[in-house]
Amino acid sequence: MNVFFLPARPLWVPLLPCLIFLLAGSLAQAQTVQQLLDRADREPDPAQAVSLYTALLRAHPDVADAYYGRAVVLTKIGRFPEALRDANQALERTPTAVRALAQRAYIHVQLNDYDRAAADYRSAIRLSPQAEYYSGLSYCLTKHNRLDEAEQVAQQGIDLNRTSPYAYRNRGRARLHTGRTDLAIADFETSLRLQHAQPYRLYTDLGEAYEQKNMPEKALGCYQQALELNASYADARVRKTILEQQLNVGSSLPVATFSGRRVALVLGNSAYLPASAGGLGDLRGQPVNDARAMRQRLTELGFTVQISTDVSYEAMRQTMEQFYKQAQGADVALLFYAGHGIEYAQTNYLLPVDIRFGGKPVAVAQAGGRGVVPEQPTGQADNAGIRAISVATVLDRLQDQQPRFCIIIMDACRTAPAGIQAELRPGFSPVRVENRIDNCYVASATAWGATASNGPNQNGYYTEALLKFMRRGQRFDDILAHTRGEVEARTSQTGSKQSPEFTNRAIERIIL
């Protein structure tokens with residue numbers, strides 16, 4: 001007798017209806033999330049779009065695309081700190097999301113944090129080379145005076161897309177600042193022809209180029225075209241006004257006196273860690289002395305003064321953030337810094353007392369071929385070794401607070417660091433002011449690329465001279481000119497002449 005055995009019934013068979021139900025529910029939920037996301041993405045009203053993304057994230061807090069979408073909308077309406085938080089959230093969930101990296105880079109640019117912006121653009125390029133990412137990186141490099149690298153990177157963007165206007169403008173800016181004026185003009189004109197979204201910036205660039213070529217009338221025409229397109233564009237207005245004043249011998253700029261709000265931040269760093277930078281040199285406590293003396297003088301001149309001495313990197317950042325808030329809408333916002341300053345890869349930094357320079361920097365790679373960008377050297381601020389404060393970021397952040405006058409005074413670059421990497425140089429590279437307000441001064445204790453000396457007395461040569469001339473009723477540009485003469489005369493007697501520099505980009509003259 002044949003006996004047949006039926007196969008045992010699989011254990012999962014009774015569960016099949018449940019599995020089908022759960023799968024259908026998951027698909028329905030996924031469809032619902034995508035529908036909500038699509039609706040938020042299509043919403044033309046920014047406030048309503050933010051509300052839709054927020055509702056979606058409240059129900060589904062791990063949807064990276066919702067954080068990204070909300071970051072884009074918040075960026076468009078100028079809520080940059082909130083946009084940055086959302087971009088960070090999106091990247092925490094999907095670290096290789098190229099568009100989120102690029103969006104975060106753009107937000108960093110709007111926050112004037114060019115180091116972090118450059119790092120994000122580099123990451124985006126490695127994942128997906130696109131012309132706009134190269135263009136953004138080139139812009140950041142130019143802001144930090146890394147002009148050869150900026151031109152090289154912009155060229156890679158042009159090689160990827162010869163119809164995009166932005167890489168042409170950024171290549172032109174790098175060429176302009178290295179004195180290749182005719183090439184810069186050709187790039188600016190190409191960018192205009194390709195319909196750059198902000199042509200007033202290009203007309204201002206062209207005006208600056210024609211000034212370099214000693215063609216003032218043509219420069220004035222370009223500045224006028226910029227202002228006809230955007231009457232509030234400060235850089236064109238300031239350049240046009242100063243050039244007109246230079247051409248009209250005997251005319252003078254209006255003089256401003258103040259009864260309004262004056263705020264100042266005074267920083268003095270003397271007590272650097274012994275291991276800092278391989279030996280930053282003994283400052284004998286002079287920067288702290290300078291800071292205290294300057295606080296007293298500014299208080300006498302009617303400033304509300306905040307002072308911090310021997311501050312760490314984190315304390316310095318927090319102090320700066322507090323000062324930016326205080327500077328908003330002030331008549332005069334003044335930053336005085338005494339301590340070490342240094343140039344790294346053509347970028348100027350103010351150094352906190354806990355500064356440490358990381359491992360051996362890698363050589364900057366030659367960018368050849370698509371998708372290849374110069375490597376980020378160790379030691380770049382906030383990325384590896386150096387944790388320091390970028391002068392370019394401070395200048396732009398302070399102007400963004402829209403004070404009537406922005407003044408930055410740096411008694412820095414006092415000694416040449418010993419035994420440190422070749423990329424780290426004493427002295428500052430030239431500080432270029434792009435006006436976001438009508439009146440801006442940047443002053444340094446010594447010429448670009450040079451070092452300053454400690455003074456024989458309690459204060460440094462530069463601060464001692466400033467204190468001598470910084471009196472009520474004095475014009476500020478006269479104070480800076482007299483200070484330069486005093487420092488040159490005194491240091492010439494020591495055999496090591498020190499020549500302070502200042503950039504006056506103001507269309508009013510301030511009387512303290």
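This is a short tour of a predicted model, stop by stop.

**Before you start**

Residue numbers run from 1 along each chain as its sequence is written, and side-chain values use heavy atoms, with hydrogens and water left out. In this predicted model, local features need pLDDT of at least 70, side-chain atom pairs count only at pLDDT 80 or more, and totals for chains, interfaces and linings use all residues.

**Stop 1: strand β8**

Select residues 405–411, which form strand β8. Helices and strands here are DSSP runs, numbered from the N terminus: helices are H or I with at least four residues, strands are E with at least two. How many residues of β8 are buried? Seven of its seven residues are. Buried means under 20% relative accessible area, exposed means over 50%, and partly exposed lies in between (1.4 Å probe, protein chains only).

Now look at where the side chains go. Phe405, Ile407, Ile409 and Asp411 point one way from β8. Cys406, Ile408 and Met410 point the other way.

**Stop 2: the neighbours of β8**

Add β4, residues 332–338. β4 and β8 pair in the parallel sense, over seven bridges. Two strands count as paired if DSSP finds at least two bridges between them. Find leucine 334: opposite stands isoleucine 407 in β8.

Next, add strand β10, residues 439–444. β10 also pairs with β8 in the parallel sense, over five bridges. Which residue of β10 is the bridge partner of methionine 410? Serine 444 is.

**Stop 3: two cysteines**

Stay here and show cysteine 406 and cysteine 440. Their sulfurs are 3.9 Å apart, and cysteine 406 is in no disulfide. Cysteine 440 is in no disulfide either. A disulfide is a covalent bond between the sulfur atoms of two cysteines. The cut-off used here is a pair of cysteine sulfur atoms within 2.5 Å. A search of the whole structure finds zero disulfides.

Cysteine 406 has 0% relative accessibility, so it counts as buried. Cysteine 440 also has 0%, and therefore counts as buried.

**Stop 4: an aromatic cluster**

Select Phe405, Tyr441 and Phe476, which form one aromatic cluster. Rings of Phe, Tyr and Trp (its six-membered ring) pair if their centres lie within 6.5 Å; planes under 30 degrees apart count as stacked, over 60 as edge-to-face, and the rest as tilted. The whole structure has four aromatic pairs.

Start with phenylalanine 405 and tyrosine 441. Is this pair stacked or edge-to-face? The ring centres are 6.4 Å apart and the planes meet at 15°, so the pair is stacked. Phenylalanine 405 is in β8 and tyrosine 441 in β10, so the pair ties together parts 36 residues apart in sequence.

Move on to tyrosine 441 and phenylalanine 476. This pair is edge-to-face, with 5.0 Å from centre to centre and 75° between the planes. Phenylalanine 476 belongs to helix α18 (residues 476–492), and the two partners are 35 residues apart. Phenylalanine 405 and tyrosine 441 are both buried. Phenylalanine 476 is buried too, with a relative accessible area of 1%.

**Stop 5: isoleucine 437**

Step back to the loop between β9 (424–426) and β10, where isoleucine 437 is found. Its relative accessibility is 4%, so isoleucine 437 counts as buried. Draw a line from its C-alpha to that of alanine 506. The two atoms are separated by 8.7 Å, while the residues are 69 apart along the chain.

**Stop 6: two positive phi values**

Most residues other than glycine have a negative phi. Here are two with a positive value.

- Asparagine 112 has a phi near 65°. Look for it in the loop between α5 (98–110) and α6 (114–127). Asparagine 112 is buried, at 1% relative accessible area.
- Aspartate 310 has a phi near 50°. Its place is the loop between β3 (304–309) and α15 (313–327). Aspartate 310 is partly exposed, at 31%.
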